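Here is a short report on a pocket and on some backbone features. Please have the structure open while reading.

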Amino acid sequence: MLEITRRFAFFFLLVALAFTSVVHAQSTIDPILSATLSENGVADLLVMFESFPDLEGAKVLETKEEKGRFVFEALQQNARQHQVVLSELDRRGIAYQHFAAANAVYVPQADANLVSSLATKTNVFRISQIAEWRMHEIEAVANPNELESRGVEPEWGLRYMGVPEVWAEGIRGAGATVGGQDTGYDWTHPALQRKYRGFRQGDTAIHDYNWHDAVHDQSPLNSDSLNPCGFDVRYPCDDGSHGTHTMGTMVGSDGANRVGVAPDANWVACRSMERGWGRPQSYLECFEWFLAPTDLNGENPRPELAPDVIANSWYCPELEGCDTSTYPAFDNITTALRAAGVVVVVSAGNDGRNGCNTVNRIPAQSPGVIAVAAHDSLGDIANFSSRGTDVAPLNGPDITAPGVAVRSTTPDSSYRAFSGTSMAGPHVAGLVAVII
């Protein structure tokens, strides 16, 4: 009788465990993903894990190099817990991207069977659908050509910030390294070339550890394949003009044109957008690279070569699929960068015309970032600049900076004036370099 009772108890235990596993799997899969799988059969996934390492130990370390190494090793150790999922993907022969710093794995075109299997794996926290998003729209500037040839005097934003007075003290950003992820960068621009950390002499440079291209194919949101740079480019290239413009505001100077806040700083970069359109995995890939830059083959990471500050003039609209279910991956990676001594500067957004509470997109809402709004030459907040709210002040900008009619570098040795919080953020990133 006792043996029969034990058998029933064991049976009910198995049933309970199976039921718990099913409930866990169902709660792990985002409802939007389930709907997409029902309709299309496949979807792009972001698999996120529960555990994230305690990085508090980095605070007591003195140097940025020590902090970076501590964080990198902690993330690598934590990533061993992802092996069950990675082994399953390897066994099935499925391509994926593993982001240790984001505590996540990107899996393209997964079917319902695979999703159900991954949802039952130990330590899986959430499986969400991911979608495309776009950089900040650039506000139009009236008659921008009138501003292209102006030079010699530092640009109005630099004067407003008091930058020339700091330069006069011999403080120009020397020794600091800024990073940018954007549409790419024209590294041969006269105002940028000698500031590129990979520059050697003439037109030669070493791009290992100084450049990474996270754009591996054409975005489906572009109707043609005429990308002027191509894909997986092994040197800095800008397939738009947005990235080059933002980098100029950080470090640009060619003598006659003084457009950059920190003209003696070095720069490194990652391309994360294909003609303006980015993907969640491309942004995560750039963030991961900044934490520990690699050679051009994506190997031999060196966290001691991480930049001091990163400018990010982009955001992810919720309507394009980057909702709260995917926020944890970005929260993790920005937290890791901060612990590693890397300042993450982001643009607050250009939705101010819609009123308050418009700083509502990643990465402006990620922990530890500096979200930057835009003002004009009189110090007035630009009408397009996204705003916070007195109800939830933590969801507002952290600071404002020049962002209206900002003249800076554009590809092919040119200069143009743009407006947007995309232009404001690099002013703050350059200021960080000057402080460092």
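α9 contributes the most residues to the lining of the largest pocket: four. The model is predicted.

The pocket holds about 500 Å³ of space. It is lined by 25 residues. Closest to its centre are His212, Glu285, Trp289, Thr294 and Gly298. Four elements give two or more residues each to this lining: α3 (64-79), β2 (97-99), β7 (211-213) and α9 (280-291). By class, the lining residues split into twelve nonpolar, eight polar and five charged.

Now the backbone. Two residues that are not glycine have a positive phi, Gln109 and Asp232. The table sets them side by side.

| Residue | Phi | Place | Relative accessibility |
|---|---|---|---|
| Gln109 | near 50 degrees | strand β3 (residues 104-111) | 51% |
| Asp232 | about 50 degrees | loop between β7 and α8 (242-251) | 41% |

Is each one buried or exposed? Gln109 counts as exposed, because its relative accessibility is 51% and the cut-off is over 50%. Asp232 has a relative accessible area of 41%, so it is partly exposed. Gln109 sits in a strand, β3. Asp232 sits in a loop that follows β7 and leads to α8.

Where is the cis peptide bond that involves Pro363? It joins Ile362 and Pro363, with omega at about 10 degrees. Pro363 lies in the loop between β12 (343-347) and β13 (370-375).

Conventions. Residues numbered from 1 in each chain as written. Predicted model: local features only at pLDDT ≥ 70, side-chain atom pairs only at ≥ 80, totals over all residues. Heavy atoms only, no water. 1 Å grid on protein atoms, 1.4 Å probe; cavity = no way out; pocket = protein on both sides within 12 Å on 5 of 7 lines; lining within 4 Å. Points joined across faces, edges and corners; volume = space filled by probe spheres on them. Nonpolar A, V, L, I, M, F, W, Y, C, P; charged D, E, K, R; others polar. Buried < 20%, exposed > 50% of the residue type's maximum accessible area, 1.4 Å probe, protein only.
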